[in-house]
Every structure is written in structure tokens, then in C-alpha cells.
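User: Could you take me through a close look at the aromatic residues in this model? I would like to see how they sit within the rest of the chain.

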Amino acid sequence: MTDRPTLAAMLALLAVPWSIQTFTGGRPPTYVFAWGLLNTDPFGVAFLWDFLFRYTMGLPSYILAWPLSVGCYLLALASAIAGRVVGREDRRVTAGLLVAAAVAQMSLARGFSFQPDRAAWPLGAVACLVVAWVVYTRPFAEKG
């Protein structure tokens, strides 16, 4: 059964920027969250849904790693919620989905980093890996 701290850790991943895009020349960073893009100057939000269905013309293929990672995360979250509600969760599946989300996010950050005057920091990938490791592997180590 999924406990409250585990579910809180899973939900906290929505608040962590999954990738931070930094630019040379003093341009403020762009924050990529599971739910959308956040720009600070000028302030603006592009939700993932809008980004996928409005702004996708001419975008490079590595951008598709973003919705893929969000899909993996949402499946992991659904698994954790099912574990809380129903009392049954295959923790290996949930942890594996978090790792898949992290790998996809690293692919997105890599794609952004190959552009001139830009770097990407995959903070969300690290956060997904930390949650998978701390929350989902510790019980296996304690049992073995």
C-alpha cells in the first residue's frame, strides 16, 4: 500500500522544473515543468496541451521527449495513487516509470544543449531518479 509520504513525493515532482533552459547574453531562463513552460521575462506560461497542439509546427524531434516523459510520470503517479486507493502497487513498475521519465527528460535536455548559446539542466530527471531510489528501492533493500 502506498503511504502518504510516497504520494506526496510523487506529487511534488509537479512543482520541480523538469528542465531549466539557460541562455548566454543575459536572457532569463525558461523553466520546463511537467505541466508546461514558464518564462519570466516577459512572464508567460505555455501549458503542455497548448504546446503540443498549437505550437508544434517546425519543432525539432527531441521536443517529443517532453510529453513522453510526462506520460511516463503520469503512469507512475497513477500507479502510486492506485496503490494508495486500492492497496496494491507493483513498486518496480512505478520506479521503472520514474526512471523512464528521467531518461526522456535527459534526452530533452541534451537536445536543447546542442543548440547554440543554450544549456539545459535536467533537474526533473534528477528529482525523478531520487524519488525512484529513495522511495521505491529502500523497501526492497530492507526486506532482502
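Analyst: Happy to; here is the overall setting, then the aromatic pairs, then some residues around them.

Please keep in mind that this is a predicted model. The protein chain holds six helices and five strands, and reading along the sequence gives the order α-β-β-β-β-α-α-α-β-α-α. Its C-alpha trace spans about 50 × 30 × 25 Å along the principal axes. Of the 144 residues in the protein chain, 40% are buried. If you take the contacts between residues at least 6 apart in sequence, 60% of them join residues at least 24 apart.

Now to the rings themselves. A pair of aromatic rings is described by the distance of the centres and the angle of the planes. The count of aromatic pairs comes to four. One of them brings together W18 and Y73: the ring centres are 5.4 Å apart and the planes meet at 85 degrees, so this pair is edge-to-face. W18 sits in the loop between α1 (4-12) and β1 (19-23), while Y73 belongs to helix α3 (residues 65-85), so to speak a link between distant parts of the chain, 55 residues apart. Both W18 and Y73 are buried.

Y62 and F112 make another pair; with centres 5.3 Å apart and planes at 80 degrees, the two rings are edge-to-face because their planes are over 60 degrees apart. Here, too, distant parts of the chain are linked: Y62 lies in the loop between α2 (48-53) and α3, F112 lies in helix α4 (residues 91-113), and 50 residues separate them. Y62 and F112 are both buried.

Elsewhere, F33, W35 and F47 come together as one aromatic cluster. F23 has a charged partner: R27 lies over the face of its ring, 3.8 Å from the ring centre.

It helps to look at what surrounds W18. On the helix side there is S69, found in helix α3. S69 has 0% relative accessibility and therefore counts as buried. Apart from its neighbours within four places in sequence, S69 contacts W18, A101, A104 and Q105.

Next comes I20, whose place is in strand β1. I20 is buried because its relative accessibility is 17%, under the 20% cut-off. Not counting residues up to four places away in sequence, I20 touches two aromatic residues, Y31 and W121, along with P29, T30, A119, A120 and L123. I20 and G124 are 104 residues apart along the chain, yet their C-alpha atoms are separated by 9.0 Å.

Two backbone details are worth a glance while you have the model open. The peptide bond from D41 to P42 is cis, with omega near 0 degrees, and P42 is placed in the loop between β3 (36-40) and β4 (43-47). D117, a residue other than glycine, has a positive phi, near 60 degrees. D117 is in the loop between α4 and β5 (118-121), and at 54% relative accessibility it counts as exposed.

Finally, a word on the surface and charges. The protein chain exposes about 8,200 Å², with carbon and sulfur atoms supplying 68% of it. There are 11 positive and 7 negative side chains, and the centres of these two sets lie 5 Å apart.

Methods
Residues are numbered from 1 along each chain as its sequence is written. This is a predicted model: local features need pLDDT of at least 70, side-chain atom pairs count only at pLDDT 80 or more; totals for chains, interfaces and linings use all residues. Side-chain values use heavy atoms; hydrogens and water are left out. Helices (H or I, at least four residues) and strands (E, at least two) are DSSP runs, numbered from the N terminus. Buried means under 20% relative accessible area, exposed over 50%, partly exposed in between (1.4 Å probe, protein chains only). Contact means heavy atoms within 4.5 Å. Accessible areas come from the Shrake-Rupley method with a 1.4 Å probe; for residues, only the protein chains shown count as cover. Lys and Arg count as positive and Asp and Glu as negative; His and the chain ends are not counted. The place of a charge is taken as NZ of Lys, CZ of Arg, CG of Asp or CD of Glu. Rings of Phe, Tyr and Trp (its six-membered ring) pair if their centres lie within 6.5 Å; planes under 30 degrees apart count as stacked, over 60 as edge-to-face and the rest as tilted. A charge sits over a ring if NZ of Lys or CZ of Arg is within 6 Å of the ring centre and within 35 degrees of the ring normal.
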